[in-house]
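This report concerns the fold and the charged side-chain pairs of one protein chain. Please consult the sequence and the structure below alongside the text.

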Amino acid sequence: MAGGLTPTPTPETAPFWAAAAAGRLSIQRCRACGRHYFYPRSFCPVCQSADVEWTDVSGRGRLVSYVINHRPLPPADLDAPQVIALVELEEGVRMLTNIVDSPAEPAALPLDAPVSVAFEPRGDLKVPVFRLDGAR
């Protein structure tokens, strides 16, 4: 994917973006029940505890679902389709992301395929995206 919208960090998401800028995928984990979760918030969505922490995760997962967007919004490359994907991390959380460095065709995007995180520069930030394992 070439380009795309640049996110605007908020106080709740600032640790996520700071980790991404350093090349790390960091999500929250509840200290009370031990569950990881994503999207960032100040309490655990499982047990409602406010005893949460940011923790670096493996960046490995599997492709759960995707859609091939043939009409991306500027500033993305309007001539290249985007693969918008749902990825489940090894830690059990699901993230909406993009698959990069893979042809945007169903035959090249098998469900349950292993994926690994990569970081794509956008403006002053780096956005976590994923590659199919074995893709370059």
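The sections below treat the overall architecture first and the salt bridges afterwards.

## Secondary structure and dimensions

The structure is a predicted model. Its protein chain contains one helix and eight strands, arranged along the sequence in the order α-β-β-β-β-β-β-β-β.

For 136 residues, a compact globule would be expected to have a radius of gyration near 14 Å, and the 15 Å computed for the protein chain agrees with that. The C-alpha trace extends over about 45 × 30 × 20 Å along its principal axes.

## Burial, contacts and surface

Buried residues make up 36% of the 136 residues in the protein chain. Among contacts with a sequence separation of 6 or more, 51% are formed by residues 24 or more positions apart.

The protein chain exposes an accessible surface of about 7400 Å², and carbon and sulfur atoms contribute 53% of this area.

## Charge content and salt bridges

The protein chain carries 13 positive and 15 negative side chains, with 4 Å between the centres of the two sets. Side chains of opposite charge can pair when their charged atoms come close. With a salt bridge taken as a side-chain nitrogen of Lys or Arg within 4 Å of a carboxyl oxygen of Asp or Glu, the model has 10 salt bridges.

## The network around Glu53

Which residues are linked with Glu53 in a network of salt bridges? The network comprises Arg29, Arg31, Asp51 and Glu53.

Within it, Glu53 and Arg29 form a salt bridge with an N to O distance of 2.5 Å. Because Glu53 belongs to strand E3 (residues 52-56) and Arg29 to strand E1 (residues 26-30), this pair ties together parts that are 24 residues apart in sequence. Arg29 has a relative accessibility of 24% and therefore counts as partly exposed.

Glu53 also forms a salt bridge with Arg31, where the closest N and O atoms are 3.3 Å apart. This pair links distant parts of the chain, 22 residues apart: Glu53 is in strand E3, while Arg31 is in the loop between E1 and strand E2 (36-37). Arg31, at 47% relative accessibility, counts as partly exposed.

## The Glu88–Arg62 pair

A further salt bridge joins the side chains of Glu88 and Arg62, at 3.2 Å from N to O. Glu88 lies in strand E5 (residues 82-89) and Arg62 in strand E4 (residues 60-69), and the pair links these distant parts of the chain across 26 residues. The relative accessibility of Arg62 is 27%, so this residue counts as partly exposed.

Note on methods: Residues numbered from 1 in each chain as written. Predicted model: local features only at pLDDT ≥ 70, side-chain atom pairs only at ≥ 80, totals over all residues. Heavy atoms only, no water. Helix = DSSP H or I, 4+ residues; strand = E, 2+ residues; numbered from the N terminus. Buried < 20%, exposed > 50% of the residue type's maximum accessible area, 1.4 Å probe, protein only. Rg over C-alpha atoms; globule rule 2.2 N^0.38 Å. Contact = heavy atoms within 4.5 Å. Areas by Shrake-Rupley, 256 points an atom, 1.4 Å probe, with all protein chains shown as cover. Lys, Arg positive; Asp, Glu negative; His and termini not counted. Charge placed at Lys NZ, Arg CZ, Asp CG, Glu CD.
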